[in-house]
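These are my notebook entries on a structure I was asked to look through. I kept to ring pairs, charged pairs, surface patches and a few single residues.

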Amino acid sequence: MASTLTSSKLYGAFIFCGLLWANLQTYIVHSFGFIWYIALMDGFVCAILLACACWLINNNLRYYQPGKGSYINILIWCGALAGICTFGCRWILPLLCSGQAYYDFLSQSLAIRFFIYFLAVGWMAMISMIWYSQIDQKENEKRKNEAEKLARDAELYNLRQQLQPHFLFNSLNSINALIGFKPDEARKMIHQLSDFLRGTLKKDDQLQVPLNEELQHLNLYLEIEKVRFGHRLQTEISCDEKCGSALLPSMLLQPIVENAIKFGLYDTTGDVVVSIRAEMEGNYLVIMVQNPYDPQTSRPKKGTGFGLRGVQRRLYLIFARNDLMETHANDNIFTTIIKVPQL
Amino acid sequence: MKRALIIDDEPLARMVVKEYLQNFKQIEVVQECNDGFEGLKAIQQYQPDLVFLDVQMPKINGFEMLELVEQPPAVIFTTAFDEYAIKAFETHAVDYLLKPFSKERFNKAIEKYLALAPSTPSSKQTEELLETAAHSPAQHERIVVKTGTKVKIIPVQDVLYLAADDDYVSVYTAEGSFLKNKTMNFFEKMLDPRYFVRVHRSYIIAIQQITRIDPYEKDAHLAILKSGAKIPVSKTGYVKLKQVLGI
């Protein structure tokens, strides 16, 4: 444990306080006119008893954190320990020291000894409680952080998995068709598909990549989709040099474009143009993806499908902002805009 | 000679089926269709014996298209992936081919079809297939109806209520009502029970449309909708309604 050092320091402090306590009490008892031997015995026996009581209450609190409303238990504990210590003094000290004057002094001071013990043990209890609850809290926080990180990783992983099997199987089916009469094209498509899949697997979510790289990867996907859907699908990509080197979280565009293609291809029966435009706006990389859709049959409320929700969630996880994605639908065109802050 | 249709929105996918079919001289492909609308027209025009049908297609999916056909032909589904659909096929379709499929697998499907061809699969079987498929999430979102020769897609949000109408169900929207050749039970299963309640043997209403519920005769109630329509609510319907509304 990292707290070994601090706990050994703590033990040192504990012993130091005990010795101080013993010496102080010796001095006080001596000032009442008893010889040094008696004063020393009194001081050390009391200090040892007190140390035992403190150790007990400390140990007790290490394994048992009192909840709200059970602080009275601690008080009872302190009282009992103080009582035991007082009786300890009452029985042990006469065995070690003799003299009527000392016996009288001892019995007269029992009440005050009890109170002092009670305060000392109570003080110890308080310190222990604060100490251990602080440790607990730290551990809780650590665990919470870890859980959060795990959940976040899992979430990102799942979002990644949205790369639907549909796409994969349909692509394989297209390859199956091409093999017969256009083997060269089939071969080309296999290479595109494997490059695309490899890129998807390799990418690290936490990584920021230049837009150019992301578009290159996206292009593989678009080329495959174009083979599948023939002339029905066309794409327009515009991105200048400055945007090309701007950074964005990897695989962020993919689900947006997928969504655009899905909406475009399955929501209309005509030809579909999906356009992707990127530009810099101050410190933001702004990317706009547009696709045709049919307002008559699309569910307007469900306009942001799972894919887009995932993008929004990722943007939130990475930049802690909820205003980086927006969607518009008008004139049969569905537009998704994302803004990526450049750090 | 059997006449077959291929309905798939991907040209290459249609090509595979056509290529594999060359081995079967007794089956002739009469047309290829790009989507459900074309498919519907072609089915009416050619009355084919067999249809190769993709599920995921533009506008209306394969199941929705089949719903609109009066007497569905035998169907072999060709699809990439859809767990709900697969459940439906397993129980009721002639066969289903998961893309990409091999020639051997395809031949098996055709042989299976040819073996049961004389007693063409009853439309009841297709009915059951569609009912199973209705549990697929995509099907909860819209109702596809035919008005004359046109196909109309009604998002479920636009539905005010449904009423039984002899062998049909009338789907009421702000634009008017549309007949659909289905049962009330079908719609009760298909529609999301959080938003639609069957309040009466012959009525299903959209909860959001209700403005008030009045008592009416003994045990019965009347639900007044935003559109002003008054829908009878039976005793058991009232219990269900109270449950969903949380009162």
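**Entry 1: a charged pair along a helix**

I began with A:Arg228 and A:Glu225, which lie 3 residues apart in helix H7 of chain A and are therefore separated by about one helical turn. I noted beside this that the model is a predicted one. I then looked up the contact between the two side chains and found a salt bridge, with the closest N and O atoms 2.8 Å apart. In general, side chains of opposite charge can pair when their charged atoms come close.

Is A:Arg228 buried or exposed? I recorded a relative accessibility of 3% for A:Arg228, so this residue counts as buried. A:Glu225 has a relative accessibility of 4% and therefore counts as buried. I also checked for further partners: A:Glu225, A:Arg228 and B:Glu10 are linked in a network of salt bridges.

**Entry 2: other salt bridges**

How many salt bridges does the structure hold over all chains? I noted 20 salt bridges over all chains.

I looked up A:Arg321, which forms a salt bridge with A:Asp323; their closest N and O atoms are 3.1 Å apart. A:Arg321 has a relative accessible area of 29% and is partly exposed. Its partner A:Asp323, at 45% relative accessibility, also counts as partly exposed.

I then turned to chain B, where B:Arg194 and B:Asp192 form a salt bridge with the closest N and O atoms 2.8 Å apart. I compared the exposure of the two partners. B:Arg194 counts as exposed at 57% relative accessibility, whereas B:Asp192 counts as buried at 18%. The value for B:Asp192 is under the 20% cut-off for buried residues.

**Entry 3: aromatic pairs**

I next looked up the rings, and found 19 aromatic pairs over all chains. One of the pairs is formed by A:Phe167 and A:Tyr221; the pair is tilted, with 4.9 Å from centre to centre and 50° between the planes. Where in chain A do these two residues lie? I found A:Phe167 in helix H5 (residues 165-181) and A:Tyr221 in helix H7 (residues 211-229). The two are 54 residues apart, and the pair links distant parts of the chain. A:Phe167 has 4% relative accessibility and so counts as buried. A:Tyr221 also counts as buried, at 1%.

I then looked at a pair in chain B. B:Phe101 and B:Phe106 form a stacked pair, 6.1 Å from centre to centre with 15° between the planes. The angle is under the 30 degrees that I needed in order to call the pair stacked. B:Phe101 is buried, with a relative accessible area of 5%. B:Phe106, at 0% relative accessibility, counts as buried.

Ring pairs can also join into a group. I noted a cluster in which ring pairs link A:Phe32, A:Phe34, A:Tyr102 and A:Phe105.

**Entry 4: patches on the surface**

I looked up a nonpolar surface patch of about 800 Å². A:Ile35, A:Tyr37, A:Phe87, A:Trp91, A:Ile92, A:Leu95 and A:Leu96 make this patch. Which element gives the largest share of the patch? I found that helix H3 (residues 71-96) of chain A contributes that share, with 5 residues. I chose A:Ile92, which is found in helix H3, for a check of exposure. A:Ile92 has 34% relative accessibility and so counts as partly exposed.

I also recorded a surface patch of negative charge, where A:Asp240, A:Glu241, A:Glu279 and A:Glu281 gather. A:Glu241 has its place in helix H8 (residues 241-244) of chain A. I noted a relative accessible area of 77% for A:Glu241, which means that this residue is exposed.

**Entry 5: two phenylalanines in helices**

I finished with two single residues. A:Phe196 is found in helix H6 (residues 183-202) of chain A, and is buried, with a relative accessible area of 0%. I looked up its distance to A:Asn219, which is 23 residues apart from A:Phe196 along the chain: their C-alpha atoms are separated by 9.0 Å.

A:Phe118 has its place in helix H4 (residues 100-161) of chain A. At 25% relative accessibility, A:Phe118 counts as partly exposed. A:Phe118 and A:Cys85 are 33 residues apart along the chain, and I noted a separation of 9.4 Å between their C-alpha atoms.

Note on methods. Residues are numbered from 1 along each chain as its sequence is written. Chains are lettered from A and ligands numbered from 1 in the order in which they are written. This is a predicted model: local features need pLDDT of at least 70, side-chain atom pairs count only at pLDDT 80 or more; totals for chains, interfaces and linings use all residues. Side-chain values use heavy atoms; hydrogens and water are left out. Patches are made of residues with over 30% relative accessible area and no salt bridge: like charges are joined within 9 Å, nonpolar side chains (Val, Leu, Ile, Met, Phe, Trp, Tyr) within 5 Å. Accessible areas come from the Shrake-Rupley method with a 1.4 Å probe; for residues, only the protein chains shown count as cover. A salt bridge is a side-chain nitrogen of Lys or Arg within 4 Å of a carboxyl oxygen of Asp or Glu. Lys and Arg count as positive and Asp and Glu as negative; His and the chain ends are not counted. The place of a charge is taken as NZ of Lys, CZ of Arg, CG of Asp or CD of Glu. Helices (H or I, at least four residues) and strands (E, at least two) are DSSP runs, numbered from the N terminus. Buried means under 20% relative accessible area, exposed over 50%, partly exposed in between (1.4 Å probe, protein chains only). Rings of Phe, Tyr and Trp (its six-membered ring) pair if their centres lie within 6.5 Å; planes under 30 degrees apart count as stacked, over 60 as edge-to-face and the rest as tilted.
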